[in-house]
Amino acid sequence: MNTWQRAACAALLALPAISMGQEAQEEERSDDEIVVLGRAINTTATRIEVEREMLVDTATALKDIPGANVNRNGLITGIAQYRGMFGDRVTVGIDDIGVISGGPNAMDAPLSYMSPMITEELIVDRGIASVSRAPESIGGFMNTRLARGDFSSNRFDVSGTIGTRFADNGDVSTTAGRVTAATDTHRVSLVAEIDTGNDLSTPEGKIRPSGLRRDRYDLSYAYGGENTQFMVYGGKLDTTDTGTPALPMDIRFIETDLVGLQFATRVSETVGIEARYSYNDVEHLMDNFTLRGAPMPPMFRQNFATGSGSQYSLAGVFDLADSELRIGLDGIMASHDSVITNPNNAAFQVNNFTDVERDVTGLFAEWTRDMGESDIELGLRYKRVDTNAGVVGA
């Protein structure tokens with residue numbers, strides 16, 4: 001028997017011993033099992049309960065989702081990013097419908113309207129955005145829901161929550177509360193949150209400016225019948241003297257009024273109608289000399305920007321055999337203005353945006369089928385974009 005044959009026989013004789021050793025190790029490991037609990041990640045959507053996160057900016061929670069991240073200009077100015085896309089390339093919904101931004105550089109990014117302690121959930125669709133949800137997105141779809149409470153199983157019930165958080169670095173504090181009066185079909189809810197903070201500290205010194213002040217309020221009424229659901233709400237976002245150290249200017253104020261309604265009803269056992277509408281109006285002032293080290297007087301700049309507009313969606317939902325067909329129309333109507341001035345020079349004025357308008361209207365059809373372990377979705381959308389602007393100048 002040559003050397004190669006002897007080595008092969010030795011290896012074969014050693015296999016039972018190796019196998020027995022592995023079985024013993026597996027038995028030993030089973031007695032010392034480690035279980036790691038985390039968020040469930042599936043192939044369709046990921047859900048995060050944001051109010052349980054120790055955050056001051058809801059967008060920061062995106063770091064926990066594979067493929068998602070946040071572009072931060074300041075403590076509460078996080079811009080959602082998904083699979084390399086960010087800004088307007090990623091559609092972000094608030095209660096299933098969007099918001100018109102008022103500030104250049106997204107100082108009032110959509111997720112800044114949803115403070116963490118009053119956000120019920122943040123959902124990220126992990127794939128191509130559905131045509132019914134995202135009229136223009138090429139980078140995905142995210143949706144947030146405000147925590148307005150639940151309907152009551154009793155005849156009448158009053159419930160609520162209150163909480164506060166504090167971080168010593170920058171004395172950042174968050175206080176939030178909710179009061180809900182509800183029956184099994186009616187619900188009235190008041191939600192409020194206040195965020196405050198000073199400049200953050202690092203081993204190299206303070207980050208100036210990085211303080212913040214944000215107030216968020218929402219009042220809503222909802223009806224939940226057997227075949228019909230309805231909700232109307234009004235809210236306000238008031239942000240003042242908030243630093244954005246990554247940008248050349250800081251927030252002096254952002255004042256936004258929001259109103260909206262949602263409606264859904266079943267016309268028959270197989271046909272339903274869904275409708276959503278929202279409107280918001282934003283006034284935004286920023287400058288480069290109040291919260292940070294001021295430049296020379298000729299370089300003082302302040303920018304007053306406004307934005308307003310509405311979004312709507314109307315769809316019919318048809319239950320077919322083992323599938324669902326959704327046909328509808330939607331639209332976004334937005335207008336913007338922006339004027340840059342120098343308070344030290346009355347003659348300096350730049351009309352940056354003047355009567356800027358952008359209207360998007362669309363028609364869509366979407367068919368989905370649940371096949372047990374997988375889903376099929378086919379969508380078709382027609383979109384028209386109309387833009388217009390006034391004369392800019394200095």
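This is a short dialogue on reading cavities, a surface patch and some backbone details in a predicted model.

Reader: I'd like to begin inside the protein. How many cavities of 30 Å³ or more are there?

Author: A cavity is a space where a 1.4 Å probe fits but cannot get out. In this predicted model, the count is two cavities of 30 Å³ or more. The largest cavity holds about 110 Å³ of space, and the second largest has a volume of about 40 Å³.

Reader: Which residues are closest to the centre of the largest cavity?

Author: They are I94, G98, Y233, L258 and S278, out of 16 residues that line this cavity. You can also look at the lining by element: β13 (212–224), β15 (250–266) and β16 (271–287) each give two or more residues. Of the elements, β16 gives the most, with three residues.

Reader: And how does the lining of the largest cavity divide by class?

Author: The lining of the largest cavity has nine nonpolar, three polar and four charged residues. When you do such a tally yourself, remember that Gly counts as polar here.

Reader: Let's move to the other one. What lines the second largest cavity?

Author: Its lining is made of I76, T77, M107, D108, S112, R214, L237, T239, I251 and I254. Two elements give two or more residues to this lining, namely β14 (228–242) and β15. By class, the lining of the second largest cavity splits into five nonpolar, three polar and two charged residues.

Reader: Now the outside. Which residues make the nonpolar surface patch?

Author: For a patch, look for nonpolar side chains within 5 Å of each other, on residues with over 30% relative accessible area. Here V232, V259, L261, F263, V267, I273, Y277, Y279, L314, L329, L363 and Y382 make a nonpolar patch of about 990 Å². Both β15 and β16 supply at least two residues of this patch.

Reader: Could we take one member, L329? Where does L329 lie, and is L329 buried, partly exposed or exposed?

Author: L329 sits in strand β18 (residues 323–342). Partly exposed covers values between the 20% limit for buried and the 50% limit for exposed. L329 has 35% relative accessibility, so L329 counts as partly exposed.

Reader: On to the backbone. Which residues does the cis peptide bond join?

Author: For a peptide bond, the angle to check is omega. The cis bond joins R208 and P209, with omega at about -5 degrees. P209 is in the loop between β12 (205–207) and β13.

Reader: What about phi? What is the sign of phi at R83 and at D322?

Author: Both are worth finding on your screen. R83 has a positive phi of about 50 degrees, although R83 is not a glycine. R83 belongs to the loop between β3 (78–82) and β4 (85–86). D322, also not a glycine, has a positive phi of about 60 degrees, and D322 lies in the loop between β17 (302–320) and β18.

Reader: Are R83 and D322 buried or exposed?

Author: The cut-off for exposed is over 50% relative accessible area. R83 has 52%, so R83 is exposed. D322 is at 58% relative accessibility, and therefore D322 counts as exposed.

Reader: One last loop residue: is V50 buried or exposed?

Author: V50 lies in the loop between β1 (45–48) and β2 (68–72). Buried means under 20% relative accessible area; V50 has 0%, so V50 is buried. Sequence and space can also be set side by side: V50 and I118 are 68 residues apart in sequence, while their C-alpha atoms are 8.4 Å apart in space.

Methods: Residues are numbered from 1 along each chain as its sequence is written. This is a predicted model: local features need pLDDT of at least 70, side-chain atom pairs count only at pLDDT 80 or more; totals for chains, interfaces and linings use all residues. Side-chain values use heavy atoms; hydrogens and water are left out. On a 1 Å grid over the protein atoms alone, a cavity is a set of points where a 1.4 Å probe fits but cannot get out, and a pocket is an open set with protein on both sides within 12 Å along at least five of seven lines; lining residues have an atom within 4 Å of a point. Grid points are joined across faces, edges and corners, and a volume is the space filled by probe spheres set on the points. Helices (H or I, at least four residues) and strands (E, at least two) are DSSP runs, numbered from the N terminus. Patches are made of residues with over 30% relative accessible area and no salt bridge: like charges are joined within 9 Å, nonpolar side chains (Val, Leu, Ile, Met, Phe, Trp, Tyr) within 5 Å. Accessible areas come from the Shrake-Rupley method with a 1.4 Å probe; for residues, only the protein chains shown count as cover. A salt bridge is a side-chain nitrogen of Lys or Arg within 4 Å of a carboxyl oxygen of Asp or Glu. Buried means under 20% relative accessible area, exposed over 50%, partly exposed in between (1.4 Å probe, protein chains only).
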